[in-house]
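Here's a quick briefing to read alongside the structure. Keep the 3D view open and follow along from topic to topic.

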Amino acid sequence: MKSDAELVASTLRGSQDAFRELVVRFERPVYSLVQRMVQNPATAEDLAQEVFLKAYRRLDTYDPQWKFSSWLFKIAHNTTIDHLRRGVPETVPLESEDEDHGDLSAVLADVATESPHAAAERRDLGRSLELALAHLRPEYRVAVVMFYAQGASYQEICEVTGLPLGTVKTNLHRARKELAQVMTSLGWGPGGVAASETAKA
Amino acid sequence: MRPKPHDALNRWLAAERADRFEDADAALREMFEALPLLAPAAGFADRVFARAGLQPVKRDVFASLGLRLVLAASLIALSLGAIWLPPVLRALGGLVSLSDVVGLGVRAVAGASRGLALVLRLGEWLFSLGRFLSDLLMAPQAMAALAACILVSVLAFRFLRDQIFGERSLTYVDPM
């Protein structure tokens with residue numbers, strides 16, 4: 001399997017196959033980050049496409065000393081933050097959220113491998129988590145998604161967001177606290193309303 | 001077996017309440033790990049390519065080295081076959097004499113003739129059967145029975161049609 005840097009070099013030499021490989025390799029993490037930032041599958045799809053377009057056009061500015069994923073996530077982060085700052089009103093997709101492939105709760109409800117009860121639990125938790133993430137400020141949200149969902153290091157988050165290490169750690173700490181508060185207020189946790197309702201269902 | 005995100009959630013919230021930040025970090029990460037990454041709809045790369053104005057990559061069937069090797073081997077085998085075919089045919093020709101071939105042809109013609117005779121006999125039998133049935137139906141009694149059947153069918157059809165249309169009300173009823 002070729003490394004990211006090799007694929008970038010091949011793309012710069014004109015290989016479309018190499019760029020396709022890069023897109024396929026990073027489409028899920030990039031889309032996942034953007035979707036959890038904007039909380040709208042259609043917008044996330046559009047922005048994720050934009051991220052790869054920007055990456056393709058600026059590929060010659062990529063420095064192979066750095067991790068390609070960090071460089072790509074930086075583009076994703078900046079594109080998404082720009083979108084959020086523009087305050088573009090979100091459009092609500094016509095499809096039901098439960099049926100949408102890109103929706104977190106739909107992905108969680110993997111009925112092929114779970115019992116209906118377990119699937120319902122995951123769906124409920126997924127909805128609550130989406131709601132809780134939407135409550136966070138964008139800089140908190142990106143830190144949470146990168147650190148907890150994608151397993152990025154503090155250093156990578158610093159590179160992507162352009163914030164100093166101390167700020168990233170503080171953001172993560174505060175974000176986690178806020179997330180916990182929202183989840184608790186939604187009834188999750190030991191003896192919580194949501195948890196007991198799910199258990200009853 | 002997939003891990004249960006609820007267990008991690010409970011551990012995270014409990015650690016958060018107890019200010020055990022390292023445990024909270026670990027549990028929250030575990031909870032996210034139990035949740036799969038979101039994915040765009042299938043064909044995402046194609047849509048990116050279309051938006052970038054790039055042509056979709058056309059796969060060259062003959063680009064595969066394995067396929068090219070197989071094709072080359074097939075061509076070599078075919079060439080060898082073409083080279084060896086005339087001597088093999090000559091050798092086979094030596095094994096079979098002209099009288100054998102003529103005998104085989106005569107046997108084949110005789111077999112085909114027997115088959116044809118069988119088919120003709122079957123056709124003749126079917127013709128006789130048809131003729132017998134037509135003679136039977138041309139009799140006055142049979143004609144009368146046929147006419148009676150047709151009459152009963154027409155009456156039954158008419159009765160059924162009256163029943164069907166008789167039960168249908170054509171009066172408009174306002175649903176309100």
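In this predicted model, the contact between the chains draws 37 residues from chain A and 28 residues from chain B. On the chain A side, H2(A) puts in the most, with 11 residues. Below is a run through that contact, then chain B and its helix H3, then a helix pair in chain A.

**Chain A's side of the contact**
- Six elements of chain A each give two or more residues to the side that touches chain B: H2, H3, helix H5 (104-108), helix H6 (116-135), helix H7 (138-149) and H9.
- By residue type, that side of chain A splits into 18 nonpolar, 10 polar and nine charged.

**Chain B overall**
- Chain B has six helices and zero strands, so to speak an α-α-α-α-α-α run when read from the N terminus.
- Of the 176 residues in chain B, 11% are buried.

**Helix H3 of chain B**
- Helix H3 of chain B covers residues 44-52, and its buried residues are Phe44(B), Ala45(B), Val48(B) and Phe49(B).
- Looking down the axis of H3(B), you'd find those buried residues within an arc of 140 degrees, so they line one face of the helix.
- What do they pack against? The buried residues of H3(B) pack against two helices of chain A, namely helix H2 (16-38) and helix H3 (41-57).
- Ala52(B) also sits in helix H3 of chain B, but this residue counts as partly exposed because it has 16 C-beta neighbours inside 10 Å, and buried would take 20 or more.
- Setting aside neighbours within four places in sequence, Ala52(B) is in contact with Leu53(A) and Tyr56(A).
- Right after H3(B) comes Gly53(B), with a positive phi near 75 degrees.

**A helix pair in chain A**
- Helix H8 (residues 154-161) and helix H9 (residues 165-185) of chain A have axes that come within 9 Å and cross at roughly 105 degrees.
- That crossing angle makes H8(A) roughly perpendicular to H9(A), because angles from 65 to 115 degrees count that way.
- From H8(A), the contact uses Tyr154(A), Ile157(A), Cys158(A) and Thr161(A), while H9(A) brings Leu165(A), Val168(A) and Lys169(A).
- Sorted by type, the residues where H8(A) meets H9(A) come out as five nonpolar, one polar and one charged.
- H9(A) is also one of the elements that give two or more residues to the side of chain A that touches chain B.

Terms used: Residues numbered from 1 in each chain as written. Chains lettered and ligands numbered in written order. Predicted model: local features only at pLDDT ≥ 70, side-chain atom pairs only at ≥ 80, totals over all residues. Helix = DSSP H or I, 4+ residues; strand = E, 2+ residues; numbered from the N terminus. Buried ≥ 20, exposed ≤ 12 C-beta atoms within 10 Å, placed from the backbone. Axes fitted to C-alpha atoms, helices over the stretch in contact; angles between N-to-C directions. Parallel < 35°, antiparallel > 145°, perpendicular 65-115°, else oblique. Contact = placed C-beta atoms within 7 Å. Nonpolar A, V, L, I, M, F, W, Y, C, P; charged D, E, K, R; others polar. Arc of directions from axis to C-beta.
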